[in-house]
Amino acid sequence: MALAAVLIVGFAVNRADETSEKWDRRPMIMVDGQIYMDTGKQMAIEIDDSAILGTITSSVDGTEKPAKNGESNFGCEGAQYALYDGGLVVMLQNEWVFFEGEMKRGDKSPVSEIDFAGIQAKRLTQHLLDFAEIPRGEDLRAQEYSGDWDGDGKADRAYFSEEPTQAAGYNYRNRVVAELGNGERIIADSDELEQMSSWGGSFLIESADLTGDGQNEILLLIDLGGQGGRGSFGLYPYVRMGSGWMLMDAPHHGFPLALDYKDGRATVTSGDYSETVACDALLTAHYAASDNKYEREQVKGKDYHEEYAADSICDIALKQESGRTVVKVSQYVAGITGVHVDGLGYLVTTLSWSANGRYSVDDMYFVFMP
Ligand SMILES: [Ca+2]
């Protein structure tokens with residue numbers, strides 16, 4: 001430890017001698033609780049006055065990190081900034097200079113405890129807002145609904161039903177049926193969709209124009225009968241084709257998420273998305289609050305790897321973003337004790353659909369549940 005400290009000090013002194021005109025730290029600025037770092041890239045863009053978020057109002061020494069909104073570690077008080085392309089642009093010497101967010105998709109570098117807590121607190125607030133309205137909570141999922149999902153002013157209804165089946169080992173195959181007021185029907189059949197007869201019975205139904213053609217698509221979120229966590233649901237969006245309805249492209253069960261726990265940090269990975277999502281202090285608080293026998297001490301000092309840490313989808317939320325409707329899907333992530341009840345948080349993925357009915361992943365992030 002002593003050796004490491006000496007090396008770091010020696011490095012800092014040498015660097016300062018050689019480049020006395022430069023910052024000891026990368027130039028950065030804090031905006032809305034997040035740190036944005038200088039990339040040096042000048043952007044040939046126009047930013048409308050109405051998009052200006054604010055100006056640098058204070059600064060700390062170049063050896064420090066900003067700790068307040070509007071604070072930099074490179075002076076330049078009065079310089080304007082605006083959000084741009086997932087980061088920030090700052091007006092420096094009459095040029096917009098791009099600053100990137102400290103945590104980016106695919107960025108596996110460790111983050112400080114304070115920054116991590118700030119980002120997670122913001123995400124948790126947003127998560128609770130996003131999922132407050134739709135769905136209406138686990139207990140309010142039902143076997144029957146009425147509404148006007150295609151938006152033609154005629155009453156529609158949707159219900160869960162069991163139908164006799166000849167399939168070996170099962171007496172019933174389960175269906176969710178949406179009967180639209182114009183005579184059209186959507187039938188989601190457990191045998192056809194999941195090769196099984198045992199659906200849980202409850203479901204959610206929502207509608208929105210996902211593809212941007214002015215017509216509603218209809219989304220079914222059907223209980224797959226999973227135990228534990230927040231339950232296990234499959235997402236089945238349907239699109240009208242002529243006078244029939246067709247199942248659309250979708251990640252029906254969400255996305256696999258790997259969880260690695262090492263040295264007090266939990267890293268979640270799904271495809272090209274990866275984040276180191278938890279530090280020791282937050283995990284300690286999490287296990288202190290969990291009030292069960294699977295306490296922090298049981299995982300302390302242990303390494304843990306789970307290739308499939310996320311359940312299937314448990315919630316959906318419809319959101320308006322940039323004039324179109326996107327769907328946020330939430331997946332329960334079991335914690336590092338390896339016991340299912342020990343929820344660490346949620347993987348939230350934002351999905352959008354193109355005019356040809358293909359889905360894409362707009363965003364993916366982890367929400368830590370304290
Ligand atoms: Ca209708």
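**Exercise 1.** In this predicted model, find how strand 2 and strand 8 pair and over how many bridges.

*Solution.* Start with the residue ranges: strand 2 covers residues 34-43, and strand 8 covers residues 95-101. The two strands pair in the antiparallel sense, over six bridges. To check one position, take Y36; its bridge partner in strand 8 is G101.

**Exercise 2.** Place strand 2 and strand 8 in their sheet, and state which strands lie at the edges.

*Solution.* The sheet is open and has eight strands, in the order 3-6-7-8-2-1-5-4. Strand 8 and strand 2 stand side by side in this order. The pairing in the sheet is mixed. Strand 3 (54-55) and strand 4 (58-59) are the edge strands, since each pairs on one side only.

**Exercise 3.** Describe the sheet that contains strand 9, then its pairing at strand 12.

*Solution.* Four strands, ordered 9-10-11-12, form an open sheet with antiparallel pairing. Its edge strands are strand 9 (144-147) and strand 12 (185-189), each pairing on one side only. From one strand to the next, the twist averages 20 degrees. Strand 11 (residues 172-179) pairs with strand 12 over five bridges, in the antiparallel sense. Within this pair, E179 has R185 of strand 12 as its bridge partner.

**Exercise 4.** Which residue in the hairpin of strand 15 and strand 16 takes a positive phi?

*Solution.* Strand 15 (residues 233-241) and strand 16 (residues 244-247) run antiparallel and are joined by four bridges. In one of these, Y238 has L247 of strand 16 as its bridge partner. Two residues lie between the strands of the hairpin. The residue sought is G242, with a phi near 65 degrees.

Methods. Residues numbered from 1 in each chain as written. Predicted model: local features only at pLDDT ≥ 70, side-chain atom pairs only at ≥ 80, totals over all residues. Pairing = 2+ DSSP bridges. Axes fitted to C-alpha atoms, helices over the stretch in contact; angles between N-to-C directions.
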